[in-house]
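I opened this notebook to keep track of what I looked up, one region at a time. The entries follow the order in which I went through the model.

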Amino acid sequence: MTSWDGVAAELQTRLTAQAFDIWIRPLRLVSDDGSVLTLSAPDAFHCRWVGENYRTELAAAIAAAAPGRRVEFVVRSVTLAENEVALKPKVSVAEGTSVTEDATPTFHPQLDKRYTFENFVVGPSNQVAHASAEAVAASPGATFNPLFIAGGAGLGKTHILHAIGHRIYQRFPRYRILCLSAERFMYEYVHSIRNGQSIEFKERFGQSCDVLLVDDVHTLAGREGTQEEFFHVFNRLHDLRKQMVFTSDKYPRDMSGLEERLRSRFEWGLIADVQPPNTETRLAIIGRKAELLEITLPPDVALYLASLPLTSVRDLEGCMNRLLAYSQFEKQPITLAAAQRWLASHMGERRAVTVDDILRRVCDFYDVRIPDLKSASRKASLTLPRHVAMYLCREVMKLSYPEIGSRFGGRNHTSVMHACESVRTKMQSDSRFAETVNALMRSLG
Ligand code: ADP
Ligand code: MG
């Protein structure tokens with residue numbers, strides 16, 4: 001676990017899941033020299049936004065997980081490998097200075113480089129969406145405009161959206177591509193109003209944009225102001241024959257809270273859907289993914305994975321990552337028996353939570369060692385995690401105080417009781433702490 005993993009885990013308890021996904025998850029650790037934590041972000045706006053809006057949370061998370069550090073942001077240059085980053089342009093949270101963008105990256109910085117057409121497996125469930133995406137990428141603005149990709153979670157919508165971006169970026173290097181989530185569009189819009197930058201905003205989503213790729217437009221539902229602005233952007237770009245592609249987890253006709261005029265525009269071009277892949281396609285996806293992960297899966301394991309009752313490709317990938325992690329952790333090859341064992345707890349046959357699970361989770365989170373937690377040591381850095389672990393044993397497993405005491409190095413039941421009580425009291429007075437404990441509890445299922 002890097003220092004940034006710790007800070008991110010802290011942030012996760014302090015921010016909404018949505019804010020975390022949009023703003024924190026895309027950040028990558030570049031370096032940590034003990035006093036400066038350098039993070040890379042996809043673009044300058046991203047740096048500025050995090051610096052301006054999450055300053056307090058970031059500072060608190062750093063104080064908790066990587067004390068004594070200051071954060072600096074750099075804009076990611078995607079020509080370089082994942083963790084090498086062009087270090088020139090810097091924004092520090094403290095100063096909030098501006099950033100210079102990178103010159104000519106091979107990959108568009110707003111696009112995930114794994115999400116290409118080459119890495120996308122085509123099957124009956126996504127054939128139409130794939131073909132229309134290829135068509136749009138081959139001649140932007142000339143075929144379906146907009147292309148609207150609809151379908152359930154984890155079925156490849158974002159992947160296709162980015163693949164279009166990559167293809168256009170390679171074929172038409174002069175085209176200015178803007179790829180962002182609808183949520184992010186809303187933030188930028190609100191930001192532009194707040195800072196009197198409406199003209200810049202209009203320019204960004206108008207003359208200076210050749211291709212607009214917007215992910216998850218279903219999140220526009222119920223947001224009238226943003227929808228209105230989106231409507232104007234749509235009209236402007238459509239008049240200019242600029243290509244637009246949207247993704248959504250609902251069809252336009254099923255999106256409640258969407259203005260009629262915007263809904264009708266979403267339907268102007270082509271609506272293509274993605275469905276859950278059949279077993280054959282799942283098998284092909286597993287094969288492709290194994291190649292990318294550079295692992296060899298025995299055919300029986302691949303078949304087993306393909307037969308799991310999962311509809312989402314994201315969940316399927318999650319299982320593969322889990323297998324890989326277990327096999328590295330336990331230093332064992334991925335055999336069918338091992339895969340079944342490793343995935344058993346994950347797939348339906350839910351195992352009850354054990355004291356060891358709680359200890360592992362808590363120690364992971366606070367970065368302390370299990371034996372230390374069970375030891376008699378009264379070091380301050382151990383007290384809180386120990387109390388939290390005891391509290392979780394009580395709340396999640398409903399163990400008695402003496403039972404808990406015996407699992408924590410033979411402690412007296414009254415001291416366990418006091419520990420649980422102190423956690424309860426702290427949770428009432430400290431909402432952040434309460435969120436942390438609740439998040440830990442949730443993570444135990
Ligand atoms: P969505 O946006 O529809 O929720 P994503 O595009 O994020 O789903 O896809 C989830 C994960 O599944 C991604 O890692 C993506 O690469 C992978 N994936 C989905 N469909 C395919 C496919 N047909 N071929 C290869 N990978 C896929
Ligand atoms: Mg998506």
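**Entry 1: a loop residue**

I began with Gln207, which I found in the loop between helix 8 (198-204) and strand 7. I bore in mind from the start that this is a predicted model. Setting aside the neighbours within four places in sequence, I listed Arg176, Lys202, Leu240 and Lys242 as the residues in contact with Gln207. I also looked up the pair Gln207 and Leu237, whose C-alpha atoms are 8.1 Å apart in space, while the two residues are 30 apart in sequence.

**Entry 2: the open sheet**

From that loop I went on to the sheet, which is open, has five strands in the order 6-7-8-5-9, and shows parallel pairing. Its edge strands are strand 6 (177-181) and strand 9 (270-274), each of which pairs on one side only. On average, neighbouring strands of this sheet are turned by 15° against each other, with direction ignored.

Within the sheet I took a closer look at strand 7 (residues 211-215) and strand 8 (residues 243-248), which run parallel and are joined by four bridges. Here I noted that Leu213 stands opposite Val245 in strand 8.

I then asked which strands helix 5 lies across. Helix 5 (residues 127-138) lies across strand 5 (147-151), strand 8 and strand 9, and runs at about 135° to strand 9. Helix 7 (residues 182-194), in turn, lies across strand 6 and strand 7, running at about 100° to strand 6.

**Entry 3: backbone details in two loops**

In the loop between helix 5 and strand 5 I located Pro146, and I found that the peptide bond joining Asn145 and Pro146 is cis, with omega about 0°. In the loop between strand 7 and helix 9 (224-239) I located Asp216, a residue other than glycine whose phi is nevertheless positive, near 60°.

**Entry 4: the hairpin**

Strand 1 (residues 28-32) and strand 2 (residues 36-41) run antiparallel and are joined by four bridges. I looked up the bridge partner of Ser31 in strand 2 and found Thr38. The two strands form a hairpin with three residues between them, and in the turn Gly34 has a positive phi of about 95°.

**Entry 5: two packed helices**

I next turned to helix 3 (residues 44-53) and helix 4 (residues 55-65), which pack at an angle of about 80° with their axes 5 Å apart. Since that angle falls within the range of 65 to 115 degrees, helix 3 and helix 4 are therefore roughly perpendicular to each other. Val50, Gly51 and Asn53 of helix 3 make the contact with Arg55, Glu57 and Leu58 of helix 4. Sorted by class, this contact of helix 3 with helix 4 has two nonpolar, two polar and two charged residues.

**Entry 6: around ligand 1**

Last, I asked which of the 17 residues around ligand 1 come nearest. They are Gly154, Lys157, Thr158, His159 and Glu317. I then went through individual polar distances, and noted that a polar side-chain atom of Lys157 lies 2.7 Å from an oxygen atom of ligand 1. For Arg314, an N or O atom in the side chain is 2.9 Å from an oxygen atom of ligand 1. With Gly156 the backbone is involved, as one of its polar backbone atoms is 3.1 Å from an oxygen atom of ligand 1.

Definitions and conventions:
Residues are numbered from 1 along each chain as its sequence is written. Chains are lettered from A and ligands numbered from 1 in the order in which they are written. This is a predicted model: local features need pLDDT of at least 70, side-chain atom pairs count only at pLDDT 80 or more; totals for chains, interfaces and linings use all residues. Side-chain values use heavy atoms; hydrogens and water are left out. Axes are lines fitted to C-alpha atoms, for helices over the stretch in contact, and angles run from 0 to 180 degrees between N-to-C directions. Angles under 35 degrees count as roughly parallel, over 145 as roughly antiparallel, 65 to 115 as roughly perpendicular and the rest as oblique. Contact means heavy atoms within 4.5 Å. Ala, Val, Leu, Ile, Met, Phe, Trp, Tyr, Cys and Pro count as nonpolar, Asp, Glu, Lys and Arg as charged, and the others, Gly among them, as polar. Two strands pair if DSSP finds at least two bridges between them. A residue is near a molecule or strand if one of its heavy atoms lies within 4 Å of it. A polar contact is a pair of N or O atoms within 3.5 Å; within protein, one must be able to donate a hydrogen and the other to accept it, and residues adjacent in sequence count only if both atoms are side-chain atoms.
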